[in-house]
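Biologist: I'd like to know what stands behind the words people use for a model like this one. Can we go through them together?

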Amino acid sequence: MPERFEVGLPDGVRLHVEATGPTDAQVTAILLHGWTLDGRAWHRQVDGLTAAFGGSVRVVTYDARGHGRSSCMALPTATLAQLGDDLATVLDTVAPVGPVVLVGHSMGGMTIMEYAHRHPAHFAARTAGLVFVSTTAEGHTHTVYGLSPRIARLIRLAETTGAGVLARCGSWRAPRALLNALRPSIRWMLFGDRCDPSDIRLVTSAVARASLRSIGGFRASIGTQHRLDTLTALAHLPAAALVGDRDRLTPPPCAESIAAALPATELTVCPGAGHMLMMERPDEVNAALTGVLRRVLAEPPPRGRGATPAETGV
């Protein structure tokens, strides 16, 4: 059974955290979920990594502010920049020493980029590997929802307008009855050719747990973030990027631009898969995570990795 606890943030927000594996493991893998989801999205990866590495890897998931079992937050803090700061705090609390591998899906991948941008010394001292799953470094540049550009612009306008309304609804949550009625739309938007019924139920449950403030509030910074320049400074790290060729939110050009910024990145395109690769293609995602972790475990830590925040000046 995973260890469950909370991490308190400077502004009073409490994050729900789950960790599997010993605190003195050689490497800690931090898995960050996407927008409107929660840490349960990674359950197949937690199981797979635990089986593959046993006590040599600690696997940590947490619910972002306003998501899952974490508490809601003030609207001005519903930004990717704040999520990057939150990640730095989580690392200091959950894995204060030793190398970490950061794994991000969608908004989680963007959170990793923001952490690298805002805390470069902290990032350099702690991070030994990266895995980006169905994410982007270019906001909504490539997002056309699998439709014509004209229709995509209309959908984006409606989406951003609606997000502004939802952002002002505080800690309220969407009624489950409404979300159940919207399941066909959620399935179309997030999944590819195949979708296990248990996966759509989990996703619907996660959206039901997210506050309306987080559903609406994060939309603006997700759409405008551009961090390709940040990624180019990380080219020395073992990395992998995965995308589904049916992904309507972060289509293949998003992953291709990440791979171009990180030339050593192993790029995997999954035919027939959509945005929820950790559920749709768990074997491919687990293989990518395992590959990066094995490289990290085989390499001696560079001088300075595992230093405390005080030692890095952050």
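Modeller: Sure, let's begin with residue classes: Ala, Val, Leu, Ile, Met, Phe, Trp, Tyr, Cys and Pro count as nonpolar, Asp, Glu, Lys and Arg as charged, and the others, Gly among them, as polar. By that split, the lining of the second largest pocket has six nonpolar, six polar and five charged residues. Keep in mind that this is a predicted model, where local features need pLDDT of at least 70, side-chain atom pairs count only at pLDDT 80 or more, and totals for chains, interfaces and linings use all residues. Residues are numbered from 1 along each chain as its sequence is written, and side-chain values use heavy atoms, with hydrogens and water left out.

Biologist: What makes something a pocket, and what a cavity?

Modeller: On a 1 Å grid over the protein atoms alone, a cavity is a set of points where a 1.4 Å probe fits but cannot get out; a pocket is an open set with protein on both sides within 12 Å along at least five of seven lines. Lining residues have an atom within 4 Å of a point. The second largest pocket holds about 260 Å³, and P2, E18, H43, V46 and T61 lie nearest its centre among 17 lining residues.

Biologist: And how many cavities of 30 Å³ or more are there?

Modeller: One. The largest cavity has a volume of about 80 Å³, the volume being the space filled by probe spheres set on grid points that are joined across faces, edges and corners. Its lining includes L83 and D86, and divides into five nonpolar, three polar and two charged residues. The largest share, three residues, comes from α3.

Biologist: Why is the length of α2 said to agree with a helix?

Modeller: Helices are DSSP runs of H or I with at least four residues, numbered from the N terminus, and strands are runs of E with at least two. The expected span is 1.5 Å times one less than the number of residues. For the 15 residues of α2 (residues 80-94) that gives 21 Å, and the end C-alpha atoms are 20 Å apart, so the two agree.

Biologist: What makes α2 "mostly covered"?

Modeller: Buried means under 20% relative accessible area, exposed over 50%, partly exposed in between (1.4 Å probe, protein chains only). Eleven of the 15 residues in α2 are buried, including L83 and D86.

Biologist: How do you know that β2 and β4 pair?

Modeller: Two strands pair if DSSP finds at least two bridges between them. Four bridges join β2 to β4, which run antiparallel, so the pair meets that rule. A19 stands opposite V60 in β4.
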